[in-house]
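Visitor: I would like to learn how to read a model of this kind, starting from the strands and working inwards. Could you take me through it step by step?

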Amino acid sequence: QVQLVESGGGLVQAGGSLTLSCAPSGSFFSINAMGWFRQAPGKQRELVAHMASGGTVNYGDSGKGRFTISRDNAKNTVYLQMNSLKPEDTGVYYCNARIDSLGSGVSRDYWGQGTQVTVSS
């Protein structure tokens, strides 16, 4: 069974920075797209950043210009560097990945448990 494990969340003051990381545990064959979503209490989960297997990147409007997604293929790890954080960035950040767990050629979505990011004013 494959699980995605996030780390790097915490409490920061507005204007500060955090870097999140996400890597799979367990067995898998390959990882395709990876990305980050976030969710505030009572709100829908929204896109933060997404990177396709070929390197194409899409950012949500809220983080564009402040957040940077990167990927270390050797470590199967995706990162989200967040700069100039605002209180509105507060929420649970979830790692998402498209993973072919069995080598069947079919990838499915996997989600991490989430890591809390709190930005104080």
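Guide: Let us begin with a term: two strands count as paired if DSSP finds at least two bridges between them. This is a predicted model, and in it β3 and β8 run antiparallel and are joined by five bridges.

Visitor: Which residue of β8 is the bridge partner of Leu20?

Guide: The bridge partner of Leu20 in β8 is Leu80.

Visitor: How do strands of a sheet pair in general, and in what order do the four strands of the open sheet lie here?

Guide: Strands of a sheet pair through backbone hydrogen bonds, in either a parallel or an antiparallel sense. In this model the four strands of the open sheet follow the order β1-β3-β8-β7, with antiparallel pairing. The edges are formed by β1 (3-7) and β7, each of which pairs on one side only, and neighbouring strands of this sheet are turned against each other by 20° on average, with direction ignored.

Visitor: How many bridges link β7 and β8, and what lies between these two strands?

Guide: β7 and β8 pair in the antiparallel sense over six bridges, and Ser70, for instance, has Tyr79 in β8 as its bridge partner. The two strands form a hairpin with four residues between them, and Asn76 is placed in this loop, which connects β7 (67-72) to β8 (77-82).

Visitor: Which backbone angle deserves attention at Asn76?

Guide: Asn76 has a positive phi of about 55°, although it is not a glycine. Its side of the picture is completed by a relative accessible area of 26%, so Asn76 is partly exposed, given that the partly exposed class runs between the buried limit of 20% and the exposed limit of 50%. Ser84, in the loop between β8 and β9 (91-100), is likewise not a glycine and has a positive phi of about 50°; with a relative accessible area of 41%, Ser84 is partly exposed.

Visitor: Turning inwards, which residues touch the most other members of the largest nonpolar core?

Guide: In soluble globular proteins, nonpolar side chains tend to be buried together. Here the largest nonpolar core holds 24 residues, and Trp36, Leu80, Met82 and Tyr93 are those that touch the most other members. At least two residues of this core come from each of β3 (18-25), β4 (30-39), β5 (46-51), β7, β8, β9 and β11 (115-120), while the largest share, four residues, is supplied by β9.

Visitor: Which residues does Leu80 touch, leaving aside those up to four places away in sequence?

Guide: With those sequence neighbours not counted, the residues touched by Leu80 include Leu18, Leu20, Trp36, Val48, Phe67, Ile69 and Tyr93. Leu80 thus appears both as the bridge partner of Leu20 and among the residues that touch the most other members of the core.

Visitor: Finally, how many helices and strands does the chain have, and what radius of gyration does it show?

Guide: The chain has zero helices and eleven strands. A compact globule with 121 residues would have a radius of gyration near 14 Å, and the chain, at 14 Å, agrees with this, while its C-alpha trace spans about 50 × 25 × 25 Å along the principal axes. Of the 121 residues, 36% count as buried, and the accessible surface comes to about 6500 Å², of which 46% belongs to carbon and sulfur atoms. Among contacts with a separation of 6 or more, 55% are accounted for by residues 24 or more positions apart.

Definitions and conventions:
Residues numbered from 1 in each chain as written. Predicted model: local features only at pLDDT ≥ 70, side-chain atom pairs only at ≥ 80, totals over all residues. Heavy atoms only, no water. Buried < 20%, exposed > 50% of the residue type's maximum accessible area, 1.4 Å probe, protein only. Core = buried A, V, L, I, M, F, W, Y, C linked by side-chain atoms within 4.5 Å. Contact = heavy atoms within 4.5 Å. Rg over C-alpha atoms; globule rule 2.2 N^0.38 Å. Areas by Shrake-Rupley, 256 points an atom, 1.4 Å probe, with all protein chains shown as cover. Axes fitted to C-alpha atoms, helices over the stretch in contact; angles between N-to-C directions.
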